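Okay, thanks for making time, everyone. I'd like to walk you through how the parts of this protein sit against one another, so have a look at the screen.

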Amino acid sequence: MRLTAYLLSNFKQVKRMAPANVSDVEKKLHGVGLAPLDAGKLVIEKNPNPRSPPPAKGLVFGKTFSNHMLTVPWNAQTGWGQPKIGAYGPFSFDPSTVIFHYAPSLFEGLKAYRDPQGEVRLFRPDKNMERMNTSADRIALPRFDGDELVKLIKKLVDMDKDWVPFEAGYSLYIRPTLIGTQPTLGVSANEEALLFVILSPVGPYYSSGVKPVALEANPARVRAWPGGTGASKLGANYGPGILPQIEAAKQGFQQNLWLFGDEHWLTEVGTMNLFIVMKKNDQTLEVVTPPLDGMILAGVTRDSVLGLLRAHSSGEAPLAGLPKIEVSERNINMKEIVDAAEKCNLVEVFGSGTAAVVSPVNKIGYLGEDISIPVGDSGFGAVAESVLNKLSAIQWGKEEHPWSVRITE
Ligand SMILES: *Cc1c(COP(=O)(O)O)cnc(C)c1O
């Protein structure tokens, strides 16, 4: 069966099985009759021993954290509790707490950027909130009002705004997380939860120059499957990806190209969405990304890249230096990649995600053969480079765009 047909039948089956009414457990998780998340209830306890941000140079991703963090507790009896911004520091949980055993955990990743006026901006935080709620639904953690969490995140970033680096290409990584916290070994819907947000200054992804990555496409390792959790940013999706990465590294590859099914459909690359650029004819390129079929994480960067490419195709906002482009969200398998490479029609492959924006690929190892992918002198293909320049200009506020919002707005 073709993948689309298979997924469609799977989806219909799930729909047919869904109960007509929402259960009491779901009502609680959706906040019916419980206190909503309310930024107006925020209490602030300033860190009595604040540190100065370290020099930006030498920052290693995810190792340095700012002075404050946000926490908001939830329980199934009363709903969302009082949001608190306090000193960054460890939690204390009973060893039986469900997070340590069954991984009810989800996370988000976005960044705060310093614009040319010295003001701090976020990039499409509403999209992260939307996705966080989708992830919460999948792992039976509570939903919340995304606008309220954005207000709290803006307040937190504002308090630690001296941690948003001024150096070009640096930013402050924001990590919202939601975990189940009831102390029980029982496997059941979450009755207690903790939402928290921490901040980490990060350096430019390409600090030591652009390094295109080589991918291993090993059909024996699978990241996500129909009916699974691949479309949600659950903590439990990421631990199992480490071993395949170690295996790929042993063969000389930096990342995994995740395949699915007997026909080796392409899904994602590492923890990024996947873009493939192919020559359609002498005038036109086709840019393909796999569709959001339940196995693919709906990246904010993916959506932004698609938006920019579609605005280019329609002539509404042409991207510098690019020819005519046809944008396709469709399934693509390794046979099509191998064919395109043989006919010299494989123009570019790149990943997309918040950390790097785009990450160019120069090689795919597949069934013992290496498929070479051209990268320009800059290390990027033309499409990846043009999209990177445009998105960076928007994110750092060098170009006004509704996607970029000031934390004081
Ligand atoms: C986070 C993530 C992405 C990228 O999402 P962005 O919102 O663009 O950062 C892509 N794939 C996976 C599996 C991810 O976890």
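So, into which domains is the protein divided? Domain 1 covers 19–202, and domain 2 covers 213–406. Just keep in mind that this is a predicted model.

Let's start with the spacing. Going by C-alpha atoms, the centres of domain 1 and domain 2 are 28 Å apart. And they do touch: on the domain 1 side 30 residues are in contact, and they meet 28 residues of domain 2. Put a surface on that, and about 2600 Å² gets buried between domain 1 and domain 2. Carbon and sulfur atoms give 56% of that area.

Okay, what about polar links? Between domain 1 and domain 2 we count 16 residue pairs in polar contact, with both residues at pLDDT 80 or more. How many salt bridges does the rule find across the interface of domain 1 and domain 2? It finds 2. If you want to find a salt bridge on screen, go to R121 and E400: their side chains pair up at 2.8 Å, N to O.

Now, which elements build the domain 1 side? Those giving two or more residues to the side that touches domain 2 are three strands, β5 (105–107), β6 (110–114) and β7 (120–123), plus the helix α4 (125–138). The biggest giver there is α4, with 7 residues. Sorted by class, that side of domain 1 has 12 nonpolar residues, 11 charged and 7 polar.

That's my tour, so over to you for questions.

Note on methods: Residues numbered from 1 in each chain as written. Predicted model: local features only at pLDDT ≥ 70, side-chain atom pairs only at ≥ 80, totals over all residues. Heavy atoms only, no water. Domains from an automatic or database assignment. Contact = heavy atoms within 4.5 Å. Buried area = accessible area lost by both parts, 1.4 Å probe. Salt bridge = Lys/Arg side-chain N within 4 Å of Asp/Glu carboxyl O. Polar contact = N/O pair within 3.5 Å; in protein donor to acceptor, adjacent residues only side chain to side chain. Helix = DSSP H or I, 4+ residues; strand = E, 2+ residues; numbered from the N terminus. Nonpolar A, V, L, I, M, F, W, Y, C, P; charged D, E, K, R; others polar.
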